[in-house]
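Please open the model in your viewer and keep the sequence panel beside it. The tour below moves from the whole chain to single side chains, with a selection to make at each stop.

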Amino acid sequence: YIENVAPFTKVSFSNQAISKWNVFKTIEDFDIILDCTDSLPIKYMINDACVIKDKILVYGSLYKFDGYVASFNSLDSEGKRTANLRDAFPEIPKNSIPNCSEAGTLNTIVGIIGLMQANEVIKMVSKIGNPLVNQLQIYNSLDSSQYNMKLKNSFSKDKIQILFDRENYTDFEDEVQKKEFLISAEELKSKISNQKEFKIISVIENINTNLPFDVDFKIPLSKLEVENFNFKKNEEYIIVCNQGISSYIAAERIKKLHQNLNVLSLENGITKF
């Protein structure tokens, strides 16, 4: 379709998932890279690769009702590279932000942020206007407000090369969950039907989500304060969420603080129940 509308363009594609092992080859033939991924580790990987290979990165990200847009690592008037993602958020968040399927996002903001990214590319290619360099624009879709966070380039290429060599950029979903932390849907069904004594905690962000069974507590993962929760030593706790990811994160946090507590995560979440 693009080639029909603009026959002077050349369109290519790949269905190979991007990774640390192929990212340099994937971006090598392009001057401007658009990040439209929905994985935080992959976003950092693309950013780091663009810094190392001197590529401009048009960044876009979403969280619930907010969207983030920036043009990273472009050349300024002095021939120096502008700020990048790590100048805004230096470290990859480790299991602290719920994934989109858990937290959700407003559908319209996906299109808004995508168009803003396209607008950044047009400005840079056409050399018009002022691209979002050395700043991160944060757009809130509920009140149509926006805020520009000023950035300063403090992460050099050498520093990012060290980070790239060290990181594996793996999504939490790809990590192996420990079996001793899990309870299967069949096991939970058996416990419920046999009226076993235990407590169920839902850590789904949307507390109005319909659940296939009664729960004792509804606490979004983002608001779960493990250190302040009144866990009882002789009680068994089963943590549930949509896909078994946030519940596993919660179970790990609880076990880390209460090693002898009997706590389990519902394997694969309520979607497989």
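Begin with the whole chain shown as a surface: this is a predicted model, and its protein chain exposes about 16200 Å², of which carbon and sulfur atoms supply 50%. Of the 273 residues, 45% count as buried, and the C-alpha atoms fill a box of roughly 70 × 40 × 35 Å when taken along the principal axes. Switching to a cartoon brings up 9 helices and 10 strands. Among the contacts with a separation of 6 or more, 67% are accounted for by residues 24 or more positions apart.

**The start of the chain**

Select Tyr1, which is found in the segment before α1 (2-5). With a relative accessible area of 78%, Tyr1 is exposed. Adding Ile2, Val5 and Val11 to the selection completes a nonpolar surface patch of about 480 Å².

**Helix α6**

Next, select residues 107-126, the 20 residues of helix α6, and check the distance between the end C-alpha atoms: at 1.5 Å a residue the helix should span 28 Å, and the ends are 30 Å apart, which agrees. Which residues of α6 are buried? Colour Ile109, Ile113, Met116, Gln117, Glu120, Val121, Lys123 and Met124, since these are the buried ones. They cover an arc of only 165° around the axis, which puts them on the same side of α6. On the other side of the helix, Asn107, Thr108, Leu115 and Val125 are exposed.

To see what lies over the buried residues of α6, display the strands β1 (32-35), β2 (56-63), β3 (66-72) and β4 (135-140), which are included in the cover. Before leaving, step past the end of the helix to Lys127, which follows α6 and has a positive phi, near 60°.

**Salt bridges**

The count of salt bridges comes to 8, and three of them make useful stops on this tour.

Stay on α6 for one of these, and show the side chains of Glu120 and Lys123, whose closest N and O atoms are 2.7 Å apart in a salt bridge. Both residues lie in helix α6, 3 residues apart, or about one turn of the helix, and Glu120 and Lys123 are both buried.

Then select Glu236 and Lys191, which form a salt bridge with their closest N and O atoms 3.0 Å apart. Glu236 lies in strand β9 (residues 236-240) and Lys191 in helix α8 (residues 185-193), so the pair ties together parts that are 45 residues apart in sequence. Here, too, each partner is buried, Glu236 as well as Lys191.

For another pair, show Asp54 and Arg81, whose side chains meet in a salt bridge at 3.8 Å, N to O. This pair links distant parts of the chain, with Asp54 in the loop between α3 (40-52) and β2 and Arg81 in the loop between β3 and α4 (85-88), 27 residues apart. Are these two residues buried or partly exposed? Asp54 counts as partly exposed at 34% relative accessibility, and Arg81 is partly exposed with a relative accessible area of 24%. Add Lys157 to the view, as salt bridges that share partners join Asp54, Arg81 and Lys157 into one network.

**A last stop in a loop**

Finally, select Glu167, in the loop between α7 (157-166) and β6 (182-183). At 9% relative accessibility, Glu167 counts as buried. Select Met45 as well and draw the distance between the two C-alpha atoms: Glu167 and Met45 are 8.5 Å apart in space, although 122 residues apart in sequence.

Technical notes:
Residues are numbered from 1 along each chain as its sequence is written. This is a predicted model: local features need pLDDT of at least 70, side-chain atom pairs count only at pLDDT 80 or more; totals for chains, interfaces and linings use all residues. Side-chain values use heavy atoms; hydrogens and water are left out. Helices (H or I, at least four residues) and strands (E, at least two) are DSSP runs, numbered from the N terminus. The expected span of a helix is 1.5 Å times one less than its number of residues. Buried means under 20% relative accessible area, exposed over 50%, partly exposed in between (1.4 Å probe, protein chains only). The arc is that of the directions from the helix axis to the C-beta atoms. Contact means heavy atoms within 4.5 Å. Patches are made of residues with over 30% relative accessible area and no salt bridge: like charges are joined within 9 Å, nonpolar side chains (Val, Leu, Ile, Met, Phe, Trp, Tyr) within 5 Å. Accessible areas come from the Shrake-Rupley method with a 1.4 Å probe; for residues, only the protein chains shown count as cover. A salt bridge is a side-chain nitrogen of Lys or Arg within 4 Å of a carboxyl oxygen of Asp or Glu.
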